[in-house]
Amino acid sequence: MRTFFLSASLVLLVGALVYHYAALKVFNAVVPKDANTELVAEAVAYGADPRQKLDVYGPSKATGSLPIVLFVYGGSWKDGYRSGYEFAGRAFAGKGYLTFVMDYRLMPNNRFPAFIEDVAQAIAWTQINGSRFGGDAHRLFIVGHSAGAYNLSLAVLNQKYLDAAGADQKLIRAIATMAGPFDFLPLDTKTTIETFGREPDPTVTQPISYARGDAPPFLLLTGTSDTTVFPKNSRNLARELLAKAGSVEIKEYVGVGHVGILMAIAKPFRSPQKPVLDDIVRFFAAHDVNPSN
């Protein structure tokens with residue numbers, strides 16, 4: 001019973017203030033983490049800006065080269081800090097991945113496309129430096145939630161970002177997104193207008209504009225009860241990727257909302273009804289390669 005009340009309190013806390021770092025800090029501090037994982041490195045710089053840092057988590061006492069997960073959190077492009085997502089870093093580390101949880105530049109001091117460029121830069125940095133921490137750069141997977149899902153999708157689909165950063169798309173084995181905004185024109189909310197409203201051509205801000213068949217495989221996860229980023233975003237991107245003969249899988253969790261799909265990664269909130277972590281790991285395993293290749 002005590003566990004139930006703790007879980008209920010965490011749901012209310014994060015549901016009310018999910019994008020406020022103070023709330024995430026409390027959530028991350030009290031939520032049980034995956035055992036047999038460790039913080040491998042902290043505040044590692046992937047760029048010169050103070051926001052361009054990442055933390056590294058891995059399985060305890062790991063041997064050999066591990067597949068890598070780069071995790072990109074959300075926060076409406078204006079909030080977030082990597083330490084609030086230790087639970088996510090340890091969740092993937094518990095599944096055998098060397099996991100990089102990255103910060104990126106935020107609004108209002110940094111406007112579009114700074115946060116896209118940061119993800120591309122982090123991808124390039126990880127491909128070069130992942131082996132320093134025991135990772136295999138040829139087995140790179142990327143995960144994002146909400147604005148983070150947007151950032152990574154545009155960084156990968158619009159090839160100019162990876163090219164400018166010097167990243168190699170061929171090393172990205174697969175991508176998983178949770179509640180990603182991919183197709184949200186016209187700009188009709190305060191957040192989207194502030195973030196993207198200065199662009200003369202708003203279509204350049206939309207990941208769906210760059211759907212292409214030769215992109216890495218995409219797993220698009222969404223909740224049917226998400227009223228922050230409607231499921232149509234994932235449905236529309238899936239349709240466009242399929243139309244271009246791309247590799248894509250979409251899964252919808254009945255009754256799950258915008259916050260719930262992220263919380264389902266945390267150890268206490270995993271369930272057969274919302275196996276978000278297992279679905280991502282299954283998808284990644286299907287697109288993994290022999291590390292010797």
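This is a selection-by-selection tour of a predicted model, moving from its strands to a helix, its aromatic rings and some backbone details.

**Strands**

Start with strand S2, residues 53-59. Six of its seven residues are buried, so the strand is largely enclosed by the rest of the structure. Now add strand S1, residues 37-45. S1 and S2 run antiparallel to one another and are joined by six bridges. To see one position in this pairing, select Val-44 and Leu-54: Leu-54, in S2, is the bridge partner of Val-44.

Next bring in strand S4, residues 98-102. S4 also pairs with S2 in the antiparallel sense, here over four bridges. Select Tyr-57 and look across to S4, where Thr-99 stands opposite.

**Helix H4**

Follow the chain out of S4 and through the loop to helix H4, residues 114-129. How far apart are the end C-alpha atoms of H4? The distance is 22 Å, and this agrees with the 22 Å that its 16 residues should span at 1.5 Å a residue. Colour H4 by accessibility and the helix appears mostly covered, with 13 of the 16 residues buried.

**Aromatic rings**

Show the side chains of Phe, Tyr and Trp. The structure holds 22 aromatic pairs. For one of them, select Tyr-73 and Tyr-85, whose rings are stacked at 4.8 Å centre to centre with 5° between the planes. Both residues sit in the loop between S3 and H3, 12 residues apart. Are these two rings buried or exposed? Tyr-73 is buried, with a relative accessible area of 0%, and Tyr-85 counts as buried at 2%.

Move to Tyr-150 and Phe-184 for a second pair, this one tilted, with 5.9 Å between the centres and 55° between the planes. Tyr-150 belongs to helix H5 and Phe-184 to the loop between S6 and H7, so the pair ties together parts that are 34 residues apart in sequence. Tyr-150 and Phe-184 are both buried.

Return to Tyr-73 and Tyr-85 and extend the selection with Phe-27, Phe-71, Phe-87, Tyr-104 and Phe-269; together these residues form one aromatic cluster.

**Positive phi outside glycine**

Stay in the loop between strand S3 (66-72) and helix H3 (86-93), and select Trp-77. Trp-77 is not a glycine, yet its phi is positive, about 65°. Its relative accessibility is 5%, so Trp-77 counts as buried, the cut-off being under 20%.

The next stop is Ser-146, in the loop between strand S5 (135-145) and helix H5 (147-157). Ser-146 is another non-glycine residue with a positive phi, about 55°. Ser-146 is buried as well, with a relative accessible area of 6%.

**Cis peptide bonds**

Where is Pro-108 placed? Pro-108 is in the loop between S4 and H4. Display the backbone there: the peptide bond from Met-107 to Pro-108 is cis, with omega near 0°.

Finish at Pro-186, in the loop between strand S6 (172-178) and helix H7 (190-196). The bond to inspect runs from Leu-185 to Pro-186; this peptide bond is cis, and its omega is near 0°. Phe-184, from the tilted pair with Tyr-150, is in the loop between S6 and H7 too.

Conventions. Residues numbered from 1 in each chain as written. Predicted model: local features only at pLDDT ≥ 70, side-chain atom pairs only at ≥ 80, totals over all residues. Heavy atoms only, no water. Helix = DSSP H or I, 4+ residues; strand = E, 2+ residues; numbered from the N terminus. Buried < 20%, exposed > 50% of the residue type's maximum accessible area, 1.4 Å probe, protein only. Phe/Tyr/Trp six-rings, centres within 6.5 Å; stacked < 30°, edge-to-face > 60°. Expected span 1.5 Å × (residues − 1). Pairing = 2+ DSSP bridges.
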